[in-house]
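Dear colleague,

Please find the structure below, handed over for your review. A short account of what was found in it follows.

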Amino acid sequence: MKKPMKRFLLLIAGVLMLGFVTSCKEEGPHKDDIVKFSAVINSSPTVPKATSSAQGTGVFEYNKNTMDLKYNINFQNIKPTSVTLNAANPAWERGGIIQTLAENPTGQVTGTYKLKNEEEQTQLIMGMMYINIPTEENPYGEIRGQIIADKYEE
């Protein structure tokens, strides 16, 4: 008599769980074709350490279908030799240059970079990519900003 009751309760629990799972609505940035990112660019995360009053911001839009990363980077109080897109693992370390976005820019850099493969896409999504802005005095980077996915709001 006890076994049929246990089986019945397990069946009911299974049906309820199936109902919960199928009723969940999966939403979030991973479901969208376009994912937005941003970066706060300053001297505090530079490796090796640099001290600078320069600062900037970056706004990014990534299209998962075309693998295009649109960027709009603004900066001030700095005379950079270039603006580069870099990747590092772990993210806070110094990493290699993926792409030079501009040489000797002044104030703003805009454009589109096509990610080459899924590895670069993973690096972007996981927050391992950053914008690096070196100068003559700081060739490894005077200011830097990690590219982080914007908070998703429904």
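**Findings**

Arg144 lies over the face of Tyr130, 3.5 Å from the ring centre; a charge is taken to sit over a ring when NZ of Lys or CZ of Arg is within 6 Å of the ring centre and within 35 degrees of the ring normal.

This is a predicted model, in which local features need pLDDT of at least 70 and side-chain atom pairs count only at pLDDT 80 or more, while totals for chains, interfaces and linings use all residues. Residues are numbered from 1 along each chain as its sequence is written, and side-chain values use heavy atoms, with hydrogens and water left out.

The largest nonpolar core (buried Ala, Val, Leu, Ile, Met, Phe, Trp, Tyr and Cys residues joined through side-chain atoms within 4.5 Å; buried means under 20% relative accessible area, 1.4 Å probe, protein chains only) has 28 residues. Phe60, Ile73, Leu85, Ile131 and Ile147 have the most contacts inside it. Among the elements giving two or more residues to this core are strand 1 (34-41), strand 2 (55-63) and strand 3 (68-76); strands are DSSP runs of E, at least two residues, numbered from the N terminus.

Beyond its neighbours within four places in sequence, Ile131 is in contact (heavy atoms within 4.5 Å) with residues including Phe60, Ile73, Leu85, Arg144 and Ile147.

Strands pair if DSSP finds at least two bridges between them. Strand 1 and strand 2 run antiparallel, joined by eight bridges, with Val40 opposite Thr57. Strand 2 and strand 3 are also antiparallel, with nine bridges; Val59 has Asn72 as its bridge partner. These two strands form a hairpin with four residues between them, and Met67 in the turn has a positive phi of about 60 degrees.

With kind regards

Notes: Buried means under 20% relative accessible area, exposed over 50%, partly exposed in between (1.4 Å probe, protein chains only).
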